[in-house]
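Welcome! Please take a first look at the sequence and the fold shown here, and then read on for a short guided tour.

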Amino acid sequence: MSLAPVDNSLVGRRLAVDLYTDNGILLLPQETIITSAHVQLLQKQRIWEVEVQQLPSEGTGEHITNQLLELDADEETIAAYVQALDKTRSLFDQVSQNGTPHLEQFSDIFCEVAEQSMKQLGLFRSLYVLEGADSYTYRHSLNVGILCSLIARLMKWSEDRIAFMGTAGFLHDLGKMKVPKEILLKPGKLTEEEFTQVQKHTVYGYEMIKEMEGGSELLALCALLHHERLDGTGYPERRNGNDIPIECQVLAIADMFDAICSDRVYKERTSPFEAAQLLWKEACNGKLNIEIVSQFVRYIALLYVGARARLSNGEEVEVILIHQDEPMRPLVRRRGEFVDLRYERKLTIEKMIG
């Protein structure tokens with residue numbers, strides 16, 4: 001343990017002891033990894049030094065993970081995302097008109113935004129305050145690629161596997177380019193026949209990636225199987241358990257999370273906390289890999305410390321503390337008072353706000 005000043009040099013360090021306010025309220029628990037929002041919180045509480053654990057050695061998985069916790073997305077990161085979105089729209093539209101380009105053309109678009117997102121995960125906070133369903137398919141493809149990269153990194157996979165998962169997430173819905181747009185953009189409930197058409201995007205994607213120069217069988221399987229569920233209730237092959245490659249299990253979690261958090265033509269977005277709750281429920285019901293979901297939802301929740309949100313009763317709050325036992329129900333501050341959502345069970349975080 002060592003004493004460290006409360007400034008930006010603290011970001012990424014891990015607390016060695018519990019921190020309390022002068023009134024005895026637990027502010028941050030031991031083992032919390034400090035973010036820039038935590039630094040601001042501590043300074044507001046007039047705490048100028050804290051005890052932190054020794055830094056792990058360079059190159060370890062923990063050290064890499066700690067470096068990912070800077071929360072403020074800068075202009076360069078956001079600009080890279082917007083530029084990648086425009087290029088994604090253009091390239092995906094080419095697919096529906098002129099056939100499938102080389103894998104490198106997709107990778108070139110995704111690599112830059114992936115690199116920026118790994119440097120500054122504040123991009124996530126920006127993604128899920130975006131309003132509107134415009135360009136959902138393109139945004140969803142970028143977002144799922146970023147999320148897949150993140151999950152692979154949390155699982156301490158190799159850099160090659162992390163890069164692969166980013167590409168797999170980016171291309172997972174490529175087959176939707178062969179689904180009629182009037183069905184994809186339909187604002188109301190799909191008929192049974194229309195839903196069957198949409199489900200075919202998994203098979204279309206598999207076939208397109210198999211034919212793509214530079215593609216691979218596993219990359220194609222990720223497109224084919226990202227709607228499969230561990231209990232055998234998914235599609236298109238109703239696989240279950242270990243018959244679903246682990247890469248496809250990761251992709252299923254990223255895909256579901258982003259779909260829940262994003263505005264779509266037929267529904268408004270849900271907050272990342274509600275999305276995490278739904279993922280956890282699906283994992284407990286045996287549909288998703290519970291070990292992956294557990295790591296992912298705790299980490300995502302931590303990213304939103306210091307963010308503003310709207311509760312289900314319409315009140316605006318600031319997320320103050322993520323509980324280890326229930327990360328989806330944090331401590332929030334509303335008009336100067338603290339509200340612990342673990343005990344206010346009727347309240348939920350409905351939406352993140354800018």
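## A residue and its surroundings

Apart from its neighbours within four places in sequence, S141 is in contact (heavy atoms within 4.5 Å) with F92, G169, F170, H172 and D173. S141 belongs to helix α6, residues 136-154; helices here are DSSP runs of H or I with at least four residues, strands are E runs of at least two, and both are numbered from the N terminus. With a relative accessible area of 0%, S141 is buried, where buried means under 20%, exposed over 50% and partly exposed in between, using a 1.4 Å probe and protein chains only.

A word on the basis of this tour: this is a predicted model, in which local features need pLDDT of at least 70 and side-chain atom pairs count only at pLDDT 80 or more, while totals for chains, interfaces and linings use all residues. Residues are numbered from 1 along each chain as its sequence is written, and side-chain values use heavy atoms, with hydrogens and water left out.

## The five-stranded sheet

Next comes an open sheet of five strands in the order β8-β7-β6-β5-β9, with antiparallel pairing; two strands pair if DSSP finds at least two bridges between them. β8 (337-340) and β9 (349-353) are at the edges with a single partner strand each, so one side of each has no neighbour in the sheet. From one strand to the next, the twist averages 40 degrees.

Strand β7 (residues 331-334) pairs with β8 in the antiparallel sense over four bridges, and β7 is also joined to the antiparallel strand β6 (residues 316-321) by three bridges. Some facing residues are listed here.

| Residue | Opposite or bridge partner |
|---|---|
| V332 | V339 in β8 |
| R333 | F338 in β8 |
| L321 | L331 in β7 |

Which residues of β7 are buried on its two faces? L331 and R333 are buried on one side, and V332 and R334 on the other. In a regular strand, side chains alternate between the two faces of the sheet. In the hairpin of β7 and β8, with two residues between the strands, R335 takes a positive phi near 45 degrees.

## The nonpolar cores

A nonpolar core is a set of buried Ala, Val, Leu, Ile, Met, Phe, Trp, Tyr and Cys residues joined through side-chain atoms within 4.5 Å. The largest one has 84 residues, and F106, L171, L174, L279, F296 and I349 have the most contacts inside it. Leaving out residues up to four places away in sequence, L171 touches L103, F106, I209, M212, L219 and A223. A second, separate core of 18 residues includes A4, L41, I47 and L321.

## Two helices side by side

Helix α9 (residues 192-199) and helix α10 (residues 201-211) have axes that come within 5 Å and cross at roughly 25 degrees. That makes α9 roughly parallel to α10, a term for angles under 35 degrees. Q197, V198 and Q199 of α9 meet H201, T202 and Y204 of α10 in this contact.

## A last stop

S2 is found in strand β1, residues 2-5, and is partly exposed, with a relative accessible area of 26%. S2 and E49 are 47 residues apart in sequence and 10.0 Å apart in space, C-alpha to C-alpha.

Technical notes:
Axes are lines fitted to C-alpha atoms, for helices over the stretch in contact, and angles run from 0 to 180 degrees between N-to-C directions. Angles under 35 degrees count as roughly parallel, over 145 as roughly antiparallel, 65 to 115 as roughly perpendicular and the rest as oblique.
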